[in-house]
Amino acid sequence: MLAEIEGTVSGHRDGHGFVARDDGQPDIYLPSNEMRAVLHKDRVKVRVVRYDRKGRPEGRVTEIIERSPSPLIGRLLQESGIWLVAPEDKRYGQDVLIPKGATGSAKPGQVVVVELTEPPALYGQPVGRVKEVLGEIDDPGMEIEIAVRKYGVPHQFSDAAMAAARALPDKVRASDKKDRIDLTDVPLVTIDGEDARDFDDAVYCEPAKVGRGKGWRLLVAIADVSHYVQTGGAIDVDAYDRATSVYFPRRVIPMLPEKLSNGLCSLNPDVDRLCMVCDMLINAKGEIHAYQFFPAVMHSHARFTYTEVAAILQNTRGPEAQARKALVPQLVHLHDVYRALLQARNARGAVDFETTETQIVCDESGRIEKIVPRTRNDAHKLIEEAMLAANVCSAEFIAQGKQPGLFRVHEGPTPEKQETLRNYLKAMGVPHTLSDNPSPGEFQHIANATKERPEAQQIHTMLLRSMQQAIYTPSNSGHFGLAFEAYTHFTSPIRRYPDLLVHRVIKAILGGKRYQLPALPTPGEAHAKLSKRLAARAAPPTDKPRAKPSADTLAWQAAGLHCSANERRADEASRDVEAWLKCKYMREHLGEEFSGVVSAVTGFGLFVTLDAMYVEGLVHITELGGEYFRFDEARQELRGERTGIRYHLGSRVRVQVSRVDLDGRRIDFRLVSEDDDLLLRAMRDKTGGDGPAAGGGARKGGKGGKSGEPRKPPQLGGGGAQTRAHAPKGTARVPGKKAARGGRGGAPSSRKGPR
């Protein structure tokens, strides 16, 4: 009898689906008839019934283990007297029938939240009732209301948490200052973006003798959230549930109630605030010679913006400097220690690729006015290096304190990703490769050696894609990208729960005690999914029996998985909102032509990012011309078998906006204008050379027509205005019907500091 395999259903907008296996093996395909009785996110058992010609498994559902508890969001419609809800997430392949008495106060066309009362069956649609009315689809902020429910982001604090927040004082009391170092006379300052509302960190720097040489004393003061948020209390339970603040254009869903996040804990100027301080001595080489932690009370002497500090550092006698004359020397010292820390960063070989991040600028109604690149100046970088230094000291302090805690771990690339990258570098003619156990310095060396090549952006993108995502875990195995033996997050307890835990552990060590995690709620679906994914990683073979972890260790592992999973949940929700806004923005530009660059290549087409808009869309393979195109995975390119024309990462193209699907988060482009020079070059390559064609992309015979941690660019399987998952490989014949595409958004704008 064939084995039954457990997994989670992942629906597809075209009606078929896949089962993501719990054991981490390749997904099992479910044809549309098998999807009739199940919905996206259901837990099922399947049996493999056949394999396609490429050896990919196709399954049959044998048992539905658990229906997804996630609410379903969609538009309420009335067709021929029948009420139904069309899901906003097209991975739910079926409309939901709504009985006449179950529509509540909802009106046709409104966005509603539906609770299922009857699941789907082979011969019957799902039935539900309207649980909540969100409003009209064009209401300002509707995209955020949809996203927080779609991804299960907690957006309302419990009554108990709000009552606990109201009971807190409005300002620092005399009793709060007991047993703290008084730093109110030290000119600590905050440096943040213009739109920042909560201030986690403040800095101060002065020259100091370190050993026998010159150096600096650097103070990094972080808001002491742990003084007010008691372990296991109502606010703590809500903060753990959220695990992170979620940032959307024009709106933030905070981890803590506003009284804490923007008031009592925020290091606002000209008021006393409680803080935890990392006091460091740094030598001329940027090495941390000594450090200490202590609780303190501070008084921020100024609230600087990055733009203001960059202007002062550029001209210490300019108008910005004259307005802040007393604090200019300190900013100069901060810049000096930053350059020393940067020297140490380069010496240890940390990965540092420059990537373009974007910022969505909206008007009062929430409509996008423009999308602009988020530039990083020396002010951003000096704060980032100061935070990195404090985080490293925190990790070392916890490790030496022999207490469990959460580390921020970033492992090196998997052997499979290493091999893919080696093949790619070889195919691109890069005279450098990776060792069997590569160091981050090897990645940086390749980046530096290729930065002048025409394909530099393409090569650097592939280097980044080979990296894994960082996670929170009590097992310290270092941070590959930053080249640290131990690293954690200490600097943002207002917006990240792991930082709050790190503060508590540091305080416990200072007090000679041991911090005990509270009995927190059972993590949800996101944690379960990530736990299975991490468990699927092959453990290295060993003859020694593995010791059973203690209950304390298991609790910390669960906390790390929960925080890691909810960090991803926040990113997904942010991307979804940005994708929706970008699609709505691009509807105003239908038919217009733009220049762009190929940002990803798949077997079903090219993803192109527009130069002017910083928006990504798909040029489907049907738009590339009437010939066979072969997807070369090693080179990450599509190549026409007749003309030899090539499209690869970094190719310059000109496109027309041909279609925008707001519900599907899809933007489709059409290639325009033929590049005769590229075509001649491609033909020459076909007959003689074998290097990649540089320059713009073109088609033949087609239709005419108009940061911190290294940030990963969009990958196959998630990024851009449409999903790149399950891309077909090998020869791609121009089909009569377009390949299926699902939705997801662009990368979220990051705040300062390492992620």
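**Exercise 1. A salt bridge at strand β31**

Is Arg 670 buried, partly exposed or exposed, and what is its relative accessible area? Determine also how its salt-bridge partner is placed.

*Solution.* The model is predicted.

Step 1. The relative accessible area of Arg 670 is 23%. Buried means under 20% and exposed means over 50%, so Arg 670 is partly exposed.

Step 2. The side chain of Arg 670 forms a salt bridge with that of Glu 623, with an N to O distance of 3.8 Å. The cut-off for such a pair is 4 Å.

Step 3. Arg 670 belongs to strand β31 (residues 666-671), while Glu 623 sits in the loop between β26 and β27 (629-632); the pair therefore ties together parts 47 residues apart in sequence.

Step 4. Glu 623 has a relative accessible area of 7% and is buried.

**Exercise 2. Two further ion pairs**

Describe the salt bridges of Arg 50 and Arg 345, including the burial of each partner.

*Solution.*

Step 1. Arg 50 pairs with Glu 58, and their closest N and O atoms are 2.7 Å apart. Arg 50 is partly exposed at 45% relative accessibility, whereas Glu 58 is buried at 18%.

Step 2. Arg 345 pairs with Glu 385, the closest N and O atoms lying 2.7 Å apart. This pair links distant parts of the chain, 40 residues apart: Arg 345 is in helix α7 (residues 328-348) and Glu 385 is in helix α8 (residues 378-400).

Step 3. Arg 345 is buried, with a relative accessible area of 2%, and Glu 385 is buried at 6%.

Step 4. For the wider setting, the whole structure has 47 salt bridges. Glu 88, Lys 150, Asp 576 and Arg 665 are linked in a salt-bridge network.

**Exercise 3. The pairing of strand β1**

Identify the strands that pair with β1, and establish whether β1 is largely enclosed.

*Solution.*

Step 1. Strand β1 (residues 5-11) runs antiparallel to strand β4 (residues 43-51), with 4 bridges between them. Here Thr 8 stands opposite Arg 43.

Step 2. β1 also runs antiparallel to strand β2 (residues 17-21), through 5 bridges. Gly 7 stands opposite Arg 21 in β2.

Step 3. β1 and β2 form a hairpin with 5 residues between the strands, where Gly 15 has a positive phi near 110 degrees.

Step 4. Of the 7 residues of β1, 5 are buried, so the strand is largely enclosed by the rest of the structure.

**Exercise 4. The closed barrel**

Give the strand order of the closed barrel and characterise its pairing.

*Solution.*

Step 1. The barrel has 5 strands in the order β24-β25-β26-β31-β30, and its pairing is mixed. With direction ignored, neighbouring strands of this sheet are turned by 50 degrees against each other on average.

Step 2. Within the barrel, β25 (residues 605-610) and β26 (residues 616-620) are antiparallel and joined by 5 bridges. Gly 605 has His 620 of β26 as its bridge partner.

**Exercise 5. Helix α12**

Compare the span of α12 with its expected value, and decide whether the helix is largely enclosed.

*Solution.*

Step 1. Helix α12 (residues 497-510) has 14 residues and reaches 20 Å from first to last C-alpha, close to the 20 Å expected at 1.5 Å a residue.

Step 2. As 12 of its 14 residues are buried, α12 is largely enclosed by the rest of the structure. Among these are the charged-type residues Asp 499 and Arg 504, together with Leu 500 and Ile 506.

Step 3. After the helix comes Gly 512, with a positive phi near 70 degrees.

Methods:
Residues are numbered from 1 along each chain as its sequence is written. This is a predicted model: local features need pLDDT of at least 70, side-chain atom pairs count only at pLDDT 80 or more; totals for chains, interfaces and linings use all residues. Side-chain values use heavy atoms; hydrogens and water are left out. Buried means under 20% relative accessible area, exposed over 50%, partly exposed in between (1.4 Å probe, protein chains only). Helices (H or I, at least four residues) and strands (E, at least two) are DSSP runs, numbered from the N terminus. Two strands pair if DSSP finds at least two bridges between them. Axes are lines fitted to C-alpha atoms, for helices over the stretch in contact, and angles run from 0 to 180 degrees between N-to-C directions. The expected span of a helix is 1.5 Å times one less than its number of residues.
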